[in-house]
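Biologist: Please pick one part of this model and take me through it closely, starting from a single residue and working outwards to what surrounds it.

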Amino acid sequence: MSRPFTPKILTANHLLEGDVIYLTSRGEWTQDLREAWLIEDEMEANTALENAQLHQDKLVEPYLADAVADAGKRPAPSHFREAFRARGPSNYRHGKQEHY
């Protein structure tokens, strides 16, 4: 028995910069998780992933990650790994962490 589909975000790493990036609903890539497209349809999610996998000249290992909508209806990670990736690996307040 398969699990019901849950909302996803499409994420990868930028090939040259190494930053974590997210696909927006406009088909662009952003470093800001709050701008990511919260995909609520399984077919759309799979199509977006297939399209991202064609861009190995810009992206490294795109994948779908579970997400939820926060109070402002923006995507938020539902797993520690994605929260960690969104903030960066440092425990100091610099870079991306200044914004969270």
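Modeller: L16 is exposed, with a relative accessible area of 75% (exposed means over 50%, buried under 20%, partly exposed in between, with a 1.4 Å probe and protein chains only). This is a predicted model, in which local features need pLDDT of at least 70 and side-chain atom pairs count only at pLDDT 80 or more, while totals for chains, interfaces and linings use all residues. Residues are numbered from 1 along each chain as its sequence is written, and side-chain values use heavy atoms, with hydrogens and water left out.

L16 sits in the loop that lies between strand 1 and strand 2 (strands are DSSP runs of E with at least two residues, helices runs of H or I with at least four, both numbered from the N terminus). Together with L15 and V60, L16 makes up a nonpolar patch on the surface, whose accessible area totals about 280 Å² (Shrake-Rupley method, 1.4 Å probe; a patch takes residues with over 30% relative accessible area and no salt bridge, joining nonpolar side chains within 5 Å and like charges within 9 Å). The hairpin of strand 1 and strand 2 has five residues between its strands, and G18 takes a positive phi near 80° there.

Strand 1 itself, residues 8–14, is largely enclosed by the rest of the structure, because five of its seven residues are buried. On one side, three bridges join strand 1 to strand 2 in an antiparallel arrangement, and N13 has V20 of strand 2 as its bridge partner (two strands pair if DSSP finds at least two bridges between them). With strand 4, residues 59–69, strand 1 pairs over six bridges, again in the antiparallel sense; here L10 is bridged to L64, and I9 stands opposite A65.

The N-terminal residue of the strand 1 range brings in a charged pair: the side chains of K8 and D66 meet in a salt bridge at 2.3 Å, N to O (a side-chain nitrogen of Lys or Arg within 4 Å of a carboxyl oxygen of Asp or Glu). This pair links distant parts of the chain, with K8 in strand 1 and D66 in strand 4, 58 residues apart. K8 is buried, at a relative accessible area of 14%, whereas D66 is partly exposed, at 30%. By this rule the count comes to five salt bridges.

Seen in its wider setting, strand 1 belongs to an open sheet of five strands with antiparallel pairing, in the order 3-2-1-4-5. Strand 3 (29–30) and strand 5 (75–77) stand at the edges, and since each has a single partner strand, one side of each is left without a neighbour in the sheet. In strand 3 we find T30, which is nevertheless buried, with a relative accessible area of 11%. Beyond its neighbours within four places in sequence, T30 is in contact with V20, I21, Y22, T24, E35 and A36 (contact means heavy atoms within 4.5 Å), and its C-alpha atom is separated by 9.5 Å from that of T11, 19 residues away along the chain.

Finally, helix 1, residues 42–52, lies across strand 1, strand 2, strand 3 and strand 4, and runs at about 160° to strand 4 (axes are lines fitted to C-alpha atoms, for helices over the stretch in contact, with angles from 0 to 180 degrees between N-to-C directions).
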